[in-house]
Amino acid sequence: MSRSSASVPSVPEAANSAPSTAAGLASGLIAAEAERQQRQADAQREVLFADELLPGVGDERLSLREGLAAGGSLTFTTLVVLSALDELESASVSVLSPEIRDAFGMSDGMMVFVASASSAFLVLGALPMGWLADRYRRSRIIGWAGAVFSVMVFASGFAANALLFFLARFGVGIAKSSNTTAHVSLLADTYPIGVRGRISAFTYGAARIAGTISPLVVGGIATLAGGEDGWRWPFIILGLPALAVALWAFRLPEPPRGQHEMKSVLGNVIKDENPLPISMESAFARLMRIHTVKSAILAFSALGFGLFATGILGSLWAEDHYGMSAFQRGLMGTLGGVALLFTLPVVAPRYDRLYHRDPAKALRLLGLCILPASVLLPIQWFMPNWIAFMIAGVPAAALSSVAFAMIGPIMQSIVPYRLRGMGVALGAVYVFFIGGTGGAVLAALLADAYDPRVAVLVIGIPSHALGGYLLIRGASFIRNDLSLVVADLREELAEHDRQQADPANIPVLQVNDIDFSYGHVQVLFDVGFEVRRGETLALLGTNGAGKSTILKVICGLGTPSRGVVRLNGRTMTYVPPEQRGRYGVHLLPGGNGVFPAMTVRENLEMSAFRMRRDGADRDRRFAYVLDLFPDLASRLGQQAGSLSGGQQQMLALAAVLLHDPEVLLIDELSLGLAPVVVQDLLAVLERLKNDGLTIIVVEQSLNIALAIADRAVFLEKGQVRFVGPARELAERDDLARAVFLGREGG
Ligand SMILES: Nc1ncnc2c1ncn2[C@@H]1O[C@H](COP(=O)(O)OP(=O)(O)OP(=O)(O)O)[C@@H](O)[C@H]1O
C-alpha cells in the first residue's frame, strides 16, 4: 500500500483533523521562529572577550608625546596644516556670505544653499575617496586632493557669476572629502589606539585654531581689500599655501593597515601584501550591520541636519537682526573656536582614559556632549542683544564640536581595518548628504518662509536631542562589536600562521565564522567549512537551513555581518561578485538558469560575452562544453524554453562552464529532474571532477550527494551540524533519517 493512500483520511476525519494539523503546524512554526530569535539575540549579546583583550583597552598608557613619537610627527603636522587651510576656506564662505550674496544678487535661501551644498558635495567625493583610501597609498590620495583643492579655491575667488562660484564650491567639496576619509584612515594607522582621542582632538583643535583666527583673518583681508570685490581676496591668497602643502603630502609614509589593532590584540602585525578589491556595496552592507557604527552614523546624521546651516543662518541673523558687522561676526566665530580649544584638552584625555578602561563610557561621554545643545539653542536665539547672542552660543557649539572631533577614534576602533576609508565615507554620506543637504534644503525653506531663527530652532532642537540619545544607546553595543574585531583578528592570525606553516596546503575556498541576515532576520550562525582543490563538497540540510544563502555569500551576492570568505588563502569577503567571477568563483543558481526566449546558441553566446575579444579562447570553451553536452550540440538553434527540464539544466551548467570556473557552486542540482537525467548530470560532474574542478553542490537527496561528494556539510537552522566524509553523514541517523529518508521515500 502506498504511503499516500494509507494516509488519506475520510472526509469527516479530514474536516476534524485539518484545524488541529494547521494549529500544530502554526505552533511549530512559532516555536521555531522563537528559537531562531533567541539564537539571534544571544549572538548579538555575546561578548566574546574580556575587556582587557579588546583593542586598545587596558594597554600601556601613552602620553601624547609618546604617541606622536611612535608614528612620527610628519604625518600629524602635514594633515593638521591641510585641515587648517580647509578651515580657513570654510570661514571665507561663512563670514563673507552677505558680501557674496550681494555680489551675485542671491536670496538668503539661495546663499545658504550654495554655501551648505559645498559641504554636501563632500559626499560625492567621499565615496570614491574612501574606496581609494582602502586600496591605495593614502599619501598620494591626500596629495592629489590637496592640489585640486587649491585650484578650486582660486577658482572661487575668480568666479564671475553665481553659477561659476557654485561650480568652484563643488570642486572644493569633492577635494575636501580626502580630509574626512584618507586623513582619518592614515592617522588611525599611524598613531597608537591609546592616543587616538588626543590625536584626533589635537588635529581638530589645531585646525580650529586656524578656524578661530580665520574669521578675523578673512574679515580683515576683505575689509582691507575693500570694495565690492574685497571678498575675493581671501580665496585668492589661500590657494598658494594649499598647493605647497599638497605637494609635500606626497612624501608621507604609508603605515601597515590595522597595525595598531593587531599590535594590541595579537602582539604583532600581519601584512596583507596584495589585498583583493573591495566592493562599496559589500563594505556598506557590512558596516551597517555593526550596531555601534549604525547608531553613531544615525546620531551624526541627525546632528548634520542642524550643523551646516546653523553657521550661515547665524551670520545672516547676526547682520539682519542685530546689525553686526563682518568683524563682529568674525569675532563670534572666533569665540566659539576659543571655547572649543579650552574644552578639547579637557575632554580628549578623559576620552582616552575612559576608552582605556571602558569603551562604552567613552561613547556615552560623546552623547552627553551633544544633548545640552537642544536646551541651549533656544536660549541663545532669543537673546536681547548681539553680545549676549554671541556669548550664549559658545557652550553648545563647543560641546557639539567636541563630539564631532572624538567620534572618529571610536569608529576607527570598531570598523574592520580594511574598511576604514569606506567607514568614514559611509558616515559622510549620511551626515553630509542626508543630514547636511536635507538640513540645508529645510533651512533654506524655513529661512525664506519665516526667518533664520525659526529655521535654526525647528531643526536644531530635535536634531541634537536625537543625536545625543542615539549615541548613548549605541554605547550598549560597543563591547560586542569590539569583541568581534578581536575574533576577526585572531582568526586572521591563525590563518596566517597556518599558511606560513603549510603553504602548499591552502584550501581553495574557506568559509569561516559566517553570520548572515536578511534585513533583521539572521539566518546563518557561525557557519564555517573548507574545500580543498579538486574536492566535491555536498551541502545538505533541512528546508530553509541556509544552503542557498551560504552559496550567495561565497559568490558575493550577500555580505555577511561577520566572518570571512577566502579564495586560495586570500580574503575575498568584500570582493564584488563580478570580480569573484573573474577569479573563478561561479554559481549555477537553482531553477530558471536559462533565457527561455533565446536559442541554445544565443544563451551560450550571452554567457560568453566577456570572452568576445579572444575568439580562439571562446571557440575552445564552446567546443569543450558542447563535447560535455552532445545533446545541446544538436539543438543549438532550438529555443531554450522548449528544452526539457534536464536539457535546460545542462544548458545552464554549460553556460557557467564556459567561464572555466575554479570553484563551481551548484544550487539544487537534481531538483525536479527525472532519475535518468540526474544520472547524465552526475556523469558530467564526474568528468569535471576528474578534470580537477572544485565543486560545492547543494543537494536535497542524500543518495545523490553520496554518489558525487567526497565530503559533506550538514546545515540545520543556519548552523553547521556536521562536516566530514559524505559516507559518515549517511551513518548519522539523527541527521540523515529525519531529513532525507522521509523525503526520498515519498
Ligand atoms: N531574499 C530573502 N529574503 C528574506 N528571507 C530569505 C530570503 N531568501 C531566503 N530567506 C530565508 O532564509 C532562510 C534560509 O534560506 P535558504 O534559501 O538559504 O535555505 P535553503 O537551505 O537553501 O532552503 P531550501 O532547501 O528550502 O531551498 C529561510 O528561512 C528563508 O526563508
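**Exercise 1. Find how strand 6 and strand 7 pair.**

Solution. Strand 6 and strand 7 (residues 663-667) pair in the parallel sense over four bridges. Strands here are DSSP runs (E, at least two residues), helices are DSSP runs (H or I, at least four residues), and both are numbered from the N terminus. Two strands count as paired if DSSP finds at least two bridges between them. For one facing pair, take Val-585, which stands opposite Val-663 in strand 7.

Before going on, note the source. This is a predicted model: local features need pLDDT of at least 70, side-chain atom pairs count only at pLDDT 80 or more, and totals for chains, interfaces and linings use all residues. Residues are numbered from 1 along each chain as its sequence is written.

**Exercise 2. Sort the residues of strand 6 by the way they point.**

Solution. Strand 6 covers residues 585-588. Val-585 and Leu-587 point one way. His-586 and Leu-588 point the other way. In a regular strand the side chains alternate between the two faces of the sheet. Next, burial: all of these residues are buried. A residue is buried if 20 or more other C-beta atoms, placed from the backbone, lie within 10 Å of its own, exposed if 12 or fewer, and partly exposed in between.

**Exercise 3. Work out the order and edges of the open sheet.**

Solution. Start with the order: the open sheet of four strands runs 2-1-4-5, with antiparallel pairing. Now the edges. Strand 2 (521-531) and strand 5 each have a single partner strand, so one side of each is left without a neighbour in the sheet. Next, one pairing: strand 1 and strand 2 are antiparallel over seven bridges. There, Leu-509 stands opposite Val-531 in strand 2. Last, helix 22 (residues 547-555) packs on the sheet and touches strand 1, strand 2 and strand 4. Its direction makes about 115° with that of strand 1. Contact means C-beta atoms, placed from the backbone, within 7 Å. The axes are lines fitted to C-alpha atoms, for helices over the stretch in contact, and angles run from 0 to 180 degrees between N-to-C directions.

**Exercise 4. Describe the shell around the ligand.**

Solution. List the residues: Tyr-518, Val-523, Gly-541, Asn-543, Gly-544, Ala-545, Gly-546, Lys-547, Ser-548 and Thr-549. Each has its C-beta atom, placed from the backbone, within 6 Å of the molecule. Helix 22 gives the most to this shell, with three residues. By class, the shell has three nonpolar, six polar and one charged residues. Nonpolar covers Ala, Val, Leu, Ile, Met, Phe, Trp, Tyr, Cys and Pro; charged covers Asp, Glu, Lys and Arg; the others, Gly among them, are polar.

**Exercise 5. Locate two residues with positive phi.**

Solution. Take Asp-513, in strand 1 (residues 509-518). Its phi is about 55°, although it is not a glycine. Asp-513 is partly exposed, with 16 other C-beta atoms within 10 Å. Then take Asn-568, in the loop between strand 4 (562-567) and strand 5 (570-571). Asn-568 has a positive phi of about 50° and is not a glycine either. Asn-568 is partly exposed, with 15 other C-beta atoms within 10 Å.

**Exercise 6. Place the domains.**

Solution. The chain divides into domain 1 (64-483) and domain 2 (503-745). The bounds come from an automatic or database domain assignment. Their C-alpha centres lie 47 Å apart. Across the boundary, 10 residues of domain 1 contact 10 residues of domain 2. The domain 1 side has five nonpolar, two polar and three charged residues.

Conventions: Contact = placed C-beta atoms within 7 Å.
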